[in-house]
Amino acid sequence: MSNLSVTEIKAFVPSKNFEVSKQLYKDMGFTMASEGGGVAYFHFAHVSFLLQDFCAENLAENFMMHLLVQDVDAWWAHIEQSDLVRRYSVKIWPIQLQSWGMRDFCITDPSGVLWRIGQNVD
């Protein structure tokens, strides 16, 4: 019988300015574990993504990442305290209760990638 176990899945996130995007993600709290060949590997605990030094503008502006967290209020406070909006000229939307049973907020990165950071509600 074949082994179809999956170890990990990662998205390749586009970046217009690789250096600026790398710093934003570090300031968000992600760890850059490696970099080479125009790709940087970021993780936070057991979740990860690959930041690429490539950007098709229409892709970046239509690209979305979803980060499921245990405490969305703590993440909101962390983003606010990190002053990312001012430092990187990114957009942020306030926490909202969604009809699909989640409280979340959105933030863009410098390339226009939308991150939806949310917490499931009971």
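**Exercise 1.** In this predicted model, find the bridge partner of Phe12 in β4, then place β1 and β4 in their sheet.

*Solution.*
Step 1. Phe12 has Leu50 as its bridge partner in β4.
Step 2. β4 covers residues 47-52, and its pairing with β1 is parallel, over three bridges.
Step 3. The sheet that holds these strands is open, has four strands and follows the order β1-β4-β3-β2. Its pairing is mixed.
Step 4. β1 (12-14) and β2 (31-36) are the edge strands; each has a single partner strand, so one side of each lacks a neighbour in the sheet.
Step 5. From one strand to the next, the twist averages 30°.

**Exercise 2.** Work through the pairing of β2 with β3 and describe the hairpin they form.

*Solution.*
Step 1. β3 spans residues 39-44 and pairs with β2 in the antiparallel sense, over five bridges.
Step 2. One residue pair to look up is Glu35 and Ala40: Ala40, in β3, is the bridge partner of Glu35.
Step 3. The two strands make a hairpin, with two residues between them.
Step 4. Gly37 lies in the turn and has a positive phi of about 60°.

**Exercise 3.** Repeat the analysis for β3 and β4: how many bridges join them, and which residue in the turn has a positive phi?

*Solution.*
Step 1. Six bridges join β3 and β4, and the sense is antiparallel.
Step 2. Opposite Phe44 stands Val47, which belongs to β4.
Step 3. β3 and β4 form a hairpin with two residues between them.
Step 4. The residue in question is Ala45, with a phi of about 55°.
Step 5. Taken with the parallel pairing of β1 and β4, the antiparallel pairing of β3 and β4 fits the description of the sheet as mixed.

**Exercise 4.** Determine the strand order of the sheet that contains β5 to β8, and name its edge strands.

*Solution.*
Step 1. The order is β5-β8-β7-β6 in an open sheet of four strands, and the pairing is mixed.
Step 2. β5 (64-68) and β6 (92-98) stand at the edges; each has a single partner strand, so each has one side without a neighbour in the sheet.
Step 3. The twist from one strand to the next averages 20°.
Step 4. For β6, the order puts β7 beside it. β7 covers residues 102-108 and runs antiparallel to β6, with five bridges joining the two.
Step 5. Within this pairing, Trp93 has Cys106 in β7 as its bridge partner.

Note on methods
Residues are numbered from 1 along each chain as its sequence is written. This is a predicted model: local features need pLDDT of at least 70, side-chain atom pairs count only at pLDDT 80 or more; totals for chains, interfaces and linings use all residues. Side-chain values use heavy atoms; hydrogens and water are left out. Two strands pair if DSSP finds at least two bridges between them. Axes are lines fitted to C-alpha atoms, for helices over the stretch in contact, and angles run from 0 to 180 degrees between N-to-C directions.
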